[in-house]
Amino acid sequence: MSVFTLTNHRRSYKEKAIVTLLVVASVISIVTTIGILFSILFQAIEFFQLKSFWTFVTGTEWYVSKQESVFGSVPIFAGTFMITAIALSVAIPVGLGNAIYMSEYAGSNVRKVLKPLLEILAGIPTVVYGFFAALTVAPAVVDLFAGFDITATYNSALACGIVMGVMIIPVISSLSDDVLRAVPSAQRNASYALGMTHSETIRNIVLPAATPGIISASLLGFSKAIGETMIVVMAAGLRPNLTWNPLEDMTTVTVRIVDSLVGDHAFDSPQTLSAFALGLILFVITLALNMVSVMQIRKFKAKYRINTL
Amino acid sequence: MKLNGDTSQFKIVAENLNLHYGDNHALKAVDLAINEREITALIGPSGCGKSTFLRCLNRMNDLIDEVQIQGRVIVDGKNIYDKDVDEVAVRKRVGMVFQQPNPFPKSIFENITYAPLKHKLVKKGTEAESLVESSLKSAGLWSEVKDKLHSPGTSLSGGQQQRLCIARTIAVKPTVILMDEPTSALDPISTGVIEDLMMQLREKFTIVIVTHNMQQAARISDATAYFHLGELVETGTTEDLFANPKEKLTQDYIRGRFG
Amino acid sequence: MSNNPFYDPSLKHRHRSAYMLKLLSRLSILFTLGFLLFFLFDMVRTALPATWQAYVQVEVSYSERAKKFTRTAVPKEYRKVVSRAWLRNIPRQMEEDPGLLGTTQLLWVLADDQVDQYLKGHYHNLKEKEIAFIERLKTENTIKLDWNGVFFNNGDSKIPEYAGIRSAIVGSVLTMLVTMAIAFPIGVMTAVYLEEFAKDNAFTHFIEVNINNLAAIPSILFGLLGLSVFINLFGLPRSTPLVGGMTLALMTLPIIIVSARAALRSVPASIRQAGYGLGLTKLDIVKDHVVPIAMPGILTGSIIGLAQAIGETAPLIIIGMIAFIPDTPQSIVEAATVLPAQVFTWAGMPERAYVEKTAAGIIVILVILISLNATAIYLRKKYETKW
């Protein structure tokens, strides 16, 4: 017995130390999430001690001045959701169309070319999209509507939303493509064998089967859109503006966060702290979207017993 | 094996059928005639091309990239690889049942009505309902599922699922049913039920079955064809082929299996 | 048709509707590729003029007076033509080379940004008199557009013709060094723990869910973390590669963990069993066999994570890395800016000359990103092993 324990003793001691180190490394990701939550939460609480929570949630006016500041976040969230809605109405159909083309129609050679191209699109930094939105797309929107005698501003929600939509296309198309390809070929073959055409098979068998995955992809796109910062900082407005007109300028949660933190305000001024109150809501929304998205994917995987993805 | 003379009495005739997967010559000049309202079994070691041949009969191989097919497959007097034949229409007349039961994740009812509604064989309502009933009865499943037609097809047992797939195929009113190892994923009892069903179906349909279970071929089929490395080695009535195989390869295969 | 038992008239209609779906999906691909193409074309077109810069040949007199009033170093009519930034540099030139004093030299010097924009045919605010003067210089061949070395040699400047990208590149490099120094080891260790050692229990599951959530948190919130924890709580210096790198490291972590796990998972079980068969401990097997085999995959994932971190801007704005940085930072605790932040700053400048610089900065970023991704693809191809 002693022969076996002697050498193993020191070994297992070292092994334990290293495994402990690995556990500590793993815990860092948890610490980060908690760190983000608390760093936002504490300042947000501080903000709500200074300003009414009720006004923040229901108020339709947001202005900051030396004398008096009012923080009603409704116009800010309205702007965020308007731009997000425009972005998603570009990204979901186009992203899904891309995914259908890639998974159903493109041959393997075409796929080999298309995939890296979509990856390039996915890799473009958002600051670049922002510059493109402000330099090219926004003036184009103004010119286009001027042709119909309609006035659009140079930082319209529409221009922002379109560019943001393009940014989200790869998010939706790549996940949807994976999901569509994961639909078991037995399902497709069953449909073909019944004398169904390719498109009938796609519409009636493949797409319904992949629906949870497509929902998941869209939620992820949604989450990306409301958290996106650079495009809106560079191309959207600063002015909280409660309107239905996408040709007007609107501001978003992320724009307000950046704006209130880059100025020269005291760290404990309501102006600065309002950034954290907005950040808290952004955190909660994106987390909830991600949870639902993960649940949808899990549902899809369980239904068809898929281990990949 | 060459086909001689008039072949018009046969339901299906394959003539000089060659198939390549890229560089792989998977079917080599296969000639085979299949009788109407009989069960023809395709047997042979795995990789012999029997499933590939089966999938040529309803043009399922068209779905795979890099497949090239030469030769003719004549069903009801018409070469299904002719330019004026739509492969979708071929599959409507030549149905197929697969190895793994693959009901759609829809209700039992919808599993059956999905294709007939698309083909406009029936209208929604009573027509569709009576089609569901008759199809399920033909597949011997009606009594087991008549009270739960709207529960998902995937909730059935494996054997029931396979009979649902058969019912779904029958509902399109094909004249030929292809079966690709339909019982290999099932337990012995379910296998027995499906074999009995096939014996009944043979009165209305021409059935071609791929099986690696020789007892099954011997039990249910009228004719048997033995494939080896992409070639059709021997064909004949099941009785003949199992009793006096003419070719050495066939003898080895049958004896080897029977031990 | 009567002899064709497979003739089905209803199929015509069904195939037509099939064609619509194919057409729509093809249109969406064309839209996406068209956008990408147009975008790249637009950026290159906008950036191209930044390749050249206007220079003018002028008599520079290094007099005692020019030390104090640098404008007097050039003839009066040149004062609006020569770059103010270059003139400001005269005293330093004279300090470095005392022999210059009292001499007059005919030099090619940097021209003012308005002159530059005029020569490139862009918007400018030159007066007619100045335009006439430039036209005269053109006929005398003493004004030209030449390779814009300034862009790569200088840091940021409030004077457009003098602004360059060097300090941003160095800032990006320093920041990325910090990011990878933190994210790579922690990410790989987490992946090794989760794949090789962790038991299938609630704690492990919690870590996994957490990593997934971390990947979905908007980047700007990491900036809030950096601001309130690293800067306000730990008191680390604002606007520095240290804080920026730490913040980006936390963002990059999930990408590295996920790809490293996938790489570890693809190492076949037979390798581990062979190790056990030789009486090695689990740690030895993982350290000496599993991780080295998985390394190309881990590196590929890390490069992709790095590429994403390089382009990240929002969290760095929050921690103040958009400061005006004319000089190249020497260490990770000096204020610095990074490439995308520099692009952001230039994009907000009112002078027309910054537009082409912004686009040029973007091209620099894209070239870096595409080469990183190409490296990742190359690595993946080269070490791709099918087990």
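Among contacts in chain B between residues at least 6 apart in sequence, what percentage join residues at least 24 apart? The answer is 67%. Keep in mind that this is a predicted model. Below is a quick tour of the fold of chain B, a sheet in chain C, the contact between chains C and A, and the two domains of chain A.

**Chain B: overall build**
- Chain B mixes both kinds of secondary structure, with 10 helices and 10 strands.
- Its radius of gyration comes out at 18 Å, close to the 18 Å that the globule rule gives for 259 residues, so chain B is as compact as a globular protein of that length.
- If you want box dimensions, the C-alpha trace of chain B spans about 55 × 45 × 35 Å along its principal axes.
- As for burial, 46% of the 259 residues in chain B are buried.

**Chain C: a three-stranded sheet**
- Chain C has an open sheet made of three strands, running in the order β2-β1-β3 with antiparallel pairing.
- At the edges sit β2 (104-110) and β3 (143-147) of chain C, each of which pairs on one side only.
- Ignoring direction, neighbouring strands of this sheet are turned by 35 degrees against each other on average.
- Zooming in on one pairing, strand β1 (residues 52-61) of chain C meets β3(C) in the antiparallel sense, over five bridges.
- For a landmark in β3(C), look at C:Ile143, which is the bridge partner of C:Val56.

**Where chain C meets chain A**
- The contact draws on 65 residues from chain C and 67 residues from chain A.
- On the chain C side, the most comes from helix α1 (residues 10-47), which puts in 19 residues.
- Sort the residues on that side of chain C by class and you get 44 nonpolar, 17 polar and four charged.

**Chain A: two domains**
- Chain A splits into domain 1 (2-50) and domain 2 (62-304).
- The C-alpha centres of domain 1 and domain 2 of chain A lie 34 Å apart.
- Where these domains touch, domain 1 of chain A supplies 10 residues and domain 2 of chain A supplies nine residues.
- The side of domain 1 of chain A that touches domain 2 of chain A breaks down into eight nonpolar residues, one polar and one charged.

Note on methods: Residues are numbered from 1 along each chain as its sequence is written. Chains are lettered from A and ligands numbered from 1 in the order in which they are written. This is a predicted model: local features need pLDDT of at least 70, side-chain atom pairs count only at pLDDT 80 or more; totals for chains, interfaces and linings use all residues. Helices (H or I, at least four residues) and strands (E, at least two) are DSSP runs, numbered from the N terminus. The radius of gyration is taken over C-alpha atoms; the globule rule is 2.2 Å times the number of residues to the power 0.38. A residue is buried if 20 or more other C-beta atoms lie within 10 Å of its own, exposed if 12 or fewer, and partly exposed in between; C-beta atoms are placed from the backbone. Two residues are in contact if their C-beta atoms, placed from the backbone, lie within 7 Å. Two strands pair if DSSP finds at least two bridges between them. Axes are lines fitted to C-alpha atoms, for helices over the stretch in contact, and angles run from 0 to 180 degrees between N-to-C directions. Ala, Val, Leu, Ile, Met, Phe, Trp, Tyr, Cys and Pro count as nonpolar, Asp, Glu, Lys and Arg as charged, and the others, Gly among them, as polar. Domain bounds come from an automatic or database domain assignment.
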